[in-house]
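The following exercises are to be worked through with the sequence and the model at hand. Each task is followed by a stepwise solution.

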Amino acid sequence: MAELIGTESDGIESIRNEISELGRSLRSSFRLHASSFRSTSAVSTTGDDNNDEYDLQWAAIERLPTFERLRSSLFDSEIDGKAVDDKGKKVVDVTKLGALERHFFVQKLIRHIENDNLNLLRKIRDRTEKVGVKLPTIEVRYLNLCIEADCEIVQGKPLPTLWNSLKSMLPGIPAMPGSKLRKAKMSIIKDVSGNIKPGRMTLLLGPPGCGKTSFLKALSGILSKSLEVTGEISYNGHKLDEFIPQKTSAYISQYDLHIPEMTVRETLDFSARCQGVGSREDIMMEISRREKDARIVPDPDIDTYMKILGLDICADTLVGDPMRRGISGGQKKRLTTAEMIVGPNKALFMDEITNGLDSSTAFQIVSCLQQLAHLTDATILVSLLQPAPETFDLFDDLILLAEGKIVYQGPRDQALKFFEDCGFRCPERKGVADFLQEVISRKDQAQYWQHPELPYSYISVNMFCKKFKESYYGMKLDQELSDTFDRSKIHKNALSFNVYSMSRWELLRACMARELLLMRRNSFIYVFKSVQLIFVAFITMTVFLRTRMGLDVFHANYYMGSLFYALVILLVDGFPELAMTVWRLAAFYKQKELYFYPAWAYAIPASILKIPLSLLESVVWTSLTYYVIGYSPEAGRFFRQLLLLFSVHLSSISLFRFLASIFQTVVASTTAGSVALLILMLFGGFIIPKPSMPAWLKWGFWVSPLTYGEIGLSVNEFDAPRWQKVRAL
């Protein structure tokens, strides 16, 4: 019995311990749930307060007028734990954000290019789709396109001799006695047809010299007029002469042509300013209106980014050139691409944009372009020479060009099947892009023949073209081209019908601001010229000192010499304009061809902003030398001499800028400028007096600007009363 009682007491004790342990666990659980509930309630309360504040701020934006609403957004002042200011999230005008705020904001959105760029584009696409706004798209078609060039047949080797150079510069001069000028037509693109669809990345592949650049320029509408183009090119069913292709599409050259004195930021800002916003303003207005009607509140970060897109995506580094340290070659390639992408163009034709870049950078650029094409429905055609396999796989479609003909056009992943049907197989470890270019080559084709039991015979490009037209994708392409494009379904803002994106006054202001910036960047040259002029003026004062010259006929020649010397110094002072103009010509012709601005918008600011410089130089020279040399002391004659020297200096600057625009290279322009100086001084009337000139050379006397300066300064000086007394004696 005692043992039983003991056993029962032990069982009761163990049960009691288990119950007490369960009670402790339940109490701790209740405490955890209570604390969790309190923390959740606190977070929920804080979140509700934040949401209420956000709703109130967005309601304030919606009450603004349309123009102000499009420029206003919610800006978060704390980015990645760094406070830009102490105001928190606030309503701001995005056009007035400071440089630091824009920098932090863009850095917040695109911290990792590979991932954040895709996420950002997806958010923008989701915002437009949520309200049912369709982005403008462009389908480019070309039918029976042919490009031919007139060439001159040269006898022997076309060595760069003086005679051959002269004949190339002046093709209209008569040929040598007994020789005949023979010309022939060379076909660059031979009867090609196809289309480039929006929302897809298309790769243009082909060996060097197959006509890729001419093909891209023809599609973008900027092909040289010296080439003969036949066939039809259309955008959404509109021929090239029905709209402005240069403002609808963008050709991105393989050459990096930029002004070296500008930074990357300034280059992109000027490009965005000249190209304008295009249809993006109308699209943004439509999105804002539909969101307001549907009571949809957008992501504030996406709203802000869409309103400041393209304003702060570059660094403050000079572009540079061989004489100035600047950005690297790969960065210049990216700048060339970015310069056109910041514009409102919906079709991009890119020519060898990855030349000089490593495979990683090339992959990154093409990946961003792929995201741009897929998420914004852009039409993109990219020409690459030898893309890496991972870069090649990013493309959706492929155009294989050889000998001016299209061998294959269709989905990229079906290209190998087409060539397998022709009897050629790509080895497992061979890059597809390299295989496609080698299989159409007579030298490399045999190694890819996949039927060793059958005799191999070379398949020419013409035979490949014939097989493609008979294939499924060839017949599908013909069917698509035979269907007429329905113009009623295109977006009203897809094509551009205005030559320039801004008004004439805005274009003039943009070019004026850039020219002023370039003058500030070259301030050392202008300061050095002024110091040099002051130094020469002091030397001149010691040579023609007034205490050593009297008022007689003998010393009148010294006065004449000093006047001519002043003209020569101010004439030569404009010589540096040659090099500065040549450095900018390449960028000018590129931007003019792409309709950034007309020629007058570039020339007028360059001329107007040189007026203060010419005035400064003439004031410095006249103020230092006039009374020290001892010219006539009347104030009116002082200012007349100042005006004449100012006119000569301004004409000198204009003359050398004109010569630079004609000869376009530093060597040729410098040579032409030296010859021009020699001719102007020779026929100015001082070295060779007019009576001593032969009758058939007197035209040179009236052509030289020194003539008019010499006549004006001589009359101004020797018509003074003190010289009248000398003549009376």
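Helices (H or I, at least four residues) and strands (E, at least two) are DSSP runs, numbered from the N terminus. The model is a predicted one, in which local features need pLDDT of at least 70 and side-chain atom pairs count only at pLDDT 80 or more, whereas totals for chains, interfaces and linings use all residues. Residues are numbered from 1 along each chain as its sequence is written, and side-chain values use heavy atoms, with hydrogens and water left out.

**Exercise 1. The chain as a whole**

Task: State how many helices and strands the chain has, and what share of its residues is buried.

Solution. Step 1: the chain contains 28 helices and 14 strands. Step 2: apply the burial cut-offs, by which buried means under 20% relative accessible area, exposed over 50%, and partly exposed in between (1.4 Å probe, protein chains only). With these, 45% of the 729 residues are buried. Step 3: turn to contacts, defined as heavy atoms within 4.5 Å. Of the contacts between residues at least 6 apart in sequence, 76% join residues at least 24 apart. Step 4: look for disulfides, that is, pairs of cysteine sulfur atoms within 2.5 Å. The structure holds zero of them. Two cysteines may still be placed by burial: Cys426 is buried at 17% relative accessibility, and Cys465 is buried at 10%.

**Exercise 2. Helix 12**

Task: Compare the expected span of helix 12 with the distance between its end C-alpha atoms, and describe both ends.

Solution. Step 1: the expected span is 1.5 Å times one less than the number of residues. For the 18 residues of helix 12 (residues 359-376) this gives 26 Å, and the end C-alpha atoms are 25 Å apart, which agrees. Step 2: at the start of the helix, a side-chain oxygen of Asp358 comes within 3.1 Å of the backbone nitrogen of Ser360. Step 3: just after the helix, Asp377 has a positive phi of about 60°. Step 4: the buried residues of helix 12 include Thr361, Ala362, Ile365, Val366 and Leu369. An α-helix has 3.6 residues a turn, so residues three or four places apart point the same way.

**Exercise 3. Helix 23 and its neighbours**

Task: Determine where helix 23 bends, and which helices its buried residues pack against.

Solution. Step 1: the 20 residues of helix 23 (residues 610-629) should span 28 Å, and the end C-alpha atoms are 28 Å apart, in agreement. Step 2: the bend at a residue is the angle between axes fitted to the seven residues ending there and the seven starting there. At Thr622 helix 23 bends by about 30°. Step 3: Thr622 is itself buried, as are Trp621, Tyr626 and Ile629, among others of this helix. Step 4: the buried residues pack against helix 18 (504-521), helix 19 (523-543), helix 20 (553-572), helix 21 (577-593), helix 22 (599-608) and helix 24 (635-663). Step 5: Gly630 follows the helix with a positive phi near 100°.

**Exercise 4. Positive phi in loops**

Task: Locate Tyr595 and Gln664, and decide whether each is buried, partly exposed or exposed.

Solution. Step 1: most residues other than glycine have a negative phi, and most peptide bonds are trans. Step 2: Tyr595, in the loop between helix 21 and helix 22, has a positive phi near 60° and is partly exposed at 25% relative accessibility. Step 3: Gln664, in the loop between helix 24 and helix 25 (666-682), has a positive phi near 65° and is partly exposed at 40%.

**Exercise 5. Residues far apart in sequence**

Task: Find the C-alpha separation of Val319 and Glu266, and that of Leu227 and Ala149.

Solution. Step 1: Val319 lies in the loop between helix 10 (300-308) and helix 11 (329-341) and is buried, with a relative accessible area of 2%. Step 2: Glu266 belongs to helix 8 (residues 264-275). Val319 and Glu266 are 53 residues apart in sequence and 9.8 Å apart in space, C-alpha to C-alpha. Step 3: not counting residues up to four places away in sequence, Val319 touches residues including Thr263 and Thr267, while Glu266 touches Leu517 and Arg521. Step 4: Leu227 is in the loop between helix 6 (212-220) and strand 8 (228-235). Its C-alpha is 5.0 Å from that of Ala149, 78 residues away in sequence.

Notes. A polar contact is a pair of N or O atoms within 3.5 Å; within protein, one must be able to donate a hydrogen and the other to accept it, and residues adjacent in sequence count only if both atoms are side-chain atoms.
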